[in-house]
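Hi there,

Here is the structure I promised to pass on to you. Have a look at it first, and then read my notes below.

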Amino acid sequence: MHPEAEGLEKRLLLADAEVVLAFDDAVYSQGDRVRGSVTVLPHDVSEAKEIRLHVGLREVWRATEDDEETGALTTRSQGKTRVEAALTGGEEKTVVRRQASGVSFSPARCYRFALPLQHNSRFTTDEGGWQFVVRQEEARAAPDFARVDLAVQPAEEFLAIAAAMTRGLRFREMVTERRWDESTVASVFRFSPPPVLAERIDTFELELLQSEGAIRGNMVVELEERSLGSYFKSFFGLDRKERSFEIPSSEVSSATPEALRSLTERIGRELASLLELE
């Protein structure tokens, strides 16, 4: 959760009502709960019909496919709802609506929601992300659903490890190359080395996973080609070294200078072992 972040409000039109979404946060992290409220304002207040709504989280991504007719590659957007819940109960309230002729008071019903983003779920990149979906049951006309894009960032523990790499160990993160690996569900961070290690390291990657009570990671280093032998090793992947590690989640924080220093020392020891500097 991000208690310091301002929430986000969106107004949507459905077949039988205007819906006001108020999210508790503007940005969410992997493993968070997307919390907020839905206020439903019927278009026709004279009707006693109950407007039944479902809310959900829809994962979206871009997929590249072969076009059988032209033989060309085509990129299409795809998506799937991963979690959905019916809005029940709710609280009656009166909402002030501003109009050209003045203000009016409209009856409304307000619901709270809390939908989980799973650990190691996709985070927002150019290749995909998440949408919040509102769907109306038994709508008399279109539209019977609406979607809002969500901003989902890597887990806060992952960002703390990235901060230890950049602020502590002086690596430079290639932020635009952050990616989510669909096959392993790992979040991947890519770095270039500081000057002191530039002669040894070409690029450095961290593959990070959330697990029960811990963060599991894998360091992947591509070594700099310093000789004819290392040049030929690169063709066979022999210039690549890996090291796995695991850190309790309670120890992964950059909230204070002391926490960041402790995490930097831990990551630094793992890196030194990988490079055989100890």
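**Salt bridges and what surrounds them**

In this predicted model, R266 and E251 are joined through their side chains by a salt bridge, with 3.6 Å from N to O. R266 belongs to helix α3, while E251 sits in the loop between β17 and α3, so the salt bridge ties together parts that are 15 residues apart in sequence. E251 is partly exposed, because its relative accessible area is 43%, which falls between the 20% limit for buried and the 50% limit for exposed.

Since R266 has brought us to helix α3, let's stay there for a moment. The helix covers residues 257–274, which makes 18 residues. How far apart are its end C-alpha atoms? They are 26 Å apart, and this agrees with the 26 Å expected at 1.5 Å a residue. If you colour the helix by burial, you will find L260, L263, T264, I267, G268, E270, L271, A272 and L274 buried. These buried residues pack against α1 (156–168) and against three strands: β15 (201–211), β16 (214–223) and β17 (240–248). After the helix comes E276, which has a positive phi, near 60 degrees.

Back to the charged pairs. How many salt bridges does a search of the whole structure find? The search gives 18. Another one to look at is between R190 and E205, where N and O are 2.7 Å apart. This pair links distant parts of the chain: R190 is in strand β14 (residues 187–192) and E205 is in strand β15, 15 residues apart. Both R190 and E205 are buried. They also take part in a network of salt bridges that links E177, R179, D181, R190 and E205.

R11 and E18 make a further salt bridge, their closest N and O atoms being 2.9 Å apart. Are these two partners buried or exposed? R11 counts as exposed, because its relative accessibility is 54% and the limit is over 50%. E18 counts as buried, because its relative accessibility is 11% and the limit is under 20%.

**Two serines to click on**

S187 lies in strand β14. With a relative accessibility of 0%, S187 counts as buried. Leaving out residues up to four places away in sequence, S187 touches Q30, F123, F158, R179, W180, L206, E207 and L208. Two of these neighbours deserve a closer look. The side chains of S187 and Q30 are joined by a polar contact of 3.0 Å. F123 is 64 residues from S187 in sequence, yet their C-alpha atoms are 8.3 Å apart in space.

The other serine is S37, found in strand β4 (residues 33–42). S37 is buried too, with a relative accessible area of 13%. Again leaving out residues up to four places away, S37 touches V20, L21 and A22, as well as C110, Y111, R112 and F113.

**A patch on the surface**

Finally, turn the model to find V96, V103 and F105. Together they form a nonpolar patch on the surface, with about 310 Å² of accessible area. V96 is in strand β7 (residues 91–99), and it is partly exposed, with a relative accessible area of 44%.

Enjoy exploring, and write back with any questions!

Best wishes

Conventions: Residues are numbered from 1 along each chain as its sequence is written. This is a predicted model: local features need pLDDT of at least 70, side-chain atom pairs count only at pLDDT 80 or more; totals for chains, interfaces and linings use all residues. Side-chain values use heavy atoms; hydrogens and water are left out. Patches are made of residues with over 30% relative accessible area and no salt bridge: like charges are joined within 9 Å, nonpolar side chains (Val, Leu, Ile, Met, Phe, Trp, Tyr) within 5 Å. Accessible areas come from the Shrake-Rupley method with a 1.4 Å probe; for residues, only the protein chains shown count as cover. A salt bridge is a side-chain nitrogen of Lys or Arg within 4 Å of a carboxyl oxygen of Asp or Glu. Helices (H or I, at least four residues) and strands (E, at least two) are DSSP runs, numbered from the N terminus. Buried means under 20% relative accessible area, exposed over 50%, partly exposed in between (1.4 Å probe, protein chains only). The expected span of a helix is 1.5 Å times one less than its number of residues. Contact means heavy atoms within 4.5 Å. A polar contact is a pair of N or O atoms within 3.5 Å; within protein, one must be able to donate a hydrogen and the other to accept it, and residues adjacent in sequence count only if both atoms are side-chain atoms.
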